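Got the viewer open and a selection box ready? Let's walk through this one stop by stop.

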Amino acid sequence: MINQVTLVGRLTRDPELRKTTDGLSVTTVTLAVSRQFRNQHGEIEADFVQCTLWKKYAENTAQYCRKGSVVGVTGRLQTRHYDNKEGKRVYVTEVVAESIRFLSGKPSNFSPIEPPPATVLKEELPFD
């Protein structure tokens, strides 16, 4: 079986670096990916795809990318579920990145940001 996804798009917000309780770096980004055709009004629409990056990919993305950065992501499609605070089952479909390429040039006023790491809850992990 083949499960491979390749996307090129723009980040919809600044990446936020978090740490799992085991100390692994993780960030979740949303890519705005333009469709290859125009709708009935002549406009190009976009799909918004959630991508999860781990370890060095997460750290580098959080450090060097900002909202609007163009990136290329290759990974696998994954569906998972968890029970939220209200006890309802929530399903998530995302791309788990196996590689990422930074395709935008570095902005002239760029300065890396080192945000404090946040803790990731066990139910947010893409595996049991």
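Start by selecting Ser-69, which sits in the loop that runs between helix H1 (55–64) and strand E5 (70–83). Keep in mind throughout that this is a predicted model. Is Ser-69 buried or exposed? Ser-69 counts as buried, because its relative accessibility is 13% and the cut-off for buried is under 20%. Now show what surrounds it: setting aside residues up to four places away in sequence, Ser-69 touches Gly-9, Arg-10, Leu-11 and Ser-104. Turn on the side chain too, and you'll find that it reaches the backbone oxygen of Arg-66 at 2.9 Å. For a distance to try in the viewer, pick the C-alpha atoms of Ser-69 and Arg-13: they are 9.1 Å apart, with the two positions 56 residues apart along the chain.

Next, jump to Arg-18, in strand E2 (residues 18–20). This arginine has a relative accessible area of 19% and is therefore buried, since the limit is under 20%. Which residue does its side chain meet in a polar contact of 3.3 Å? Select Thr-28: the contact joins the side chains of Arg-18 and Thr-28.

Now for the middle of things. Select Leu-7, Leu-31, Cys-51, Val-71 and Val-73, the residues that touch the most other members of the largest nonpolar core, a set of 17 residues. Then colour by element: strand E1 (5–11), strand E3 (25–38), strand E4 (44–54), H1, E5 and strand E6 (89–102) each supply at least two residues of this core. As a general backdrop, nonpolar side chains tend to be buried together in soluble globular proteins.

Stay on Val-73 and expand the selection. Leaving out neighbours within four places in sequence, the contacts of Val-73 include Val-5, Thr-6 and Leu-7. Leu-31 and Cys-51 are also on the list, as are Val-95, Ala-97, Ser-99 and Ile-100.

From there, hop to Cys-51. Its relative accessible area is 0%, so Cys-51 is buried. Its bridge partner in E6 is Val-95, and the strands E4 and E6 pair in the parallel sense over two bridges. While you're on cysteines, select Cys-65 as well: it is buried, with a relative accessible area of 2%. How many disulfides does the count come to? Zero, going by a sulfur-to-sulfur cut-off of 2.5 Å.

Slide along to E5 and E6. In which sense do these strands pair? They pair in the antiparallel sense, over 13 bridges. One spot to click is Arg-76, which stands opposite Val-96 in E6. Follow the hairpin round to its turn: five residues lie between the strands, and Gly-87 takes a positive phi near 85° there.

Finally, zoom out and switch to cartoon. The chain has one helix and seven strands, and reading along the sequence gives the pattern β-β-β-β-α-β-β-β. Of the 128 residues, 34% count as buried. If you like contact maps, look away from the diagonal: among contacts with a separation of 6 or more, 62% are between residues 24 or more positions apart. Last stop, the surface: its accessible area comes to about 8,900 Å², and 50% of that belongs to carbon and sulfur atoms.

Note on methods: Residues numbered from 1 in each chain as written. Predicted model: local features only at pLDDT ≥ 70, side-chain atom pairs only at ≥ 80, totals over all residues. Heavy atoms only, no water. Helix = DSSP H or I, 4+ residues; strand = E, 2+ residues; numbered from the N terminus. Buried < 20%, exposed > 50% of the residue type's maximum accessible area, 1.4 Å probe, protein only. Contact = heavy atoms within 4.5 Å. Polar contact = N/O pair within 3.5 Å; in protein donor to acceptor, adjacent residues only side chain to side chain. Core = buried A, V, L, I, M, F, W, Y, C linked by side-chain atoms within 4.5 Å. Areas by Shrake-Rupley, 256 points an atom, 1.4 Å probe, with all protein chains shown as cover. Pairing = 2+ DSSP bridges.
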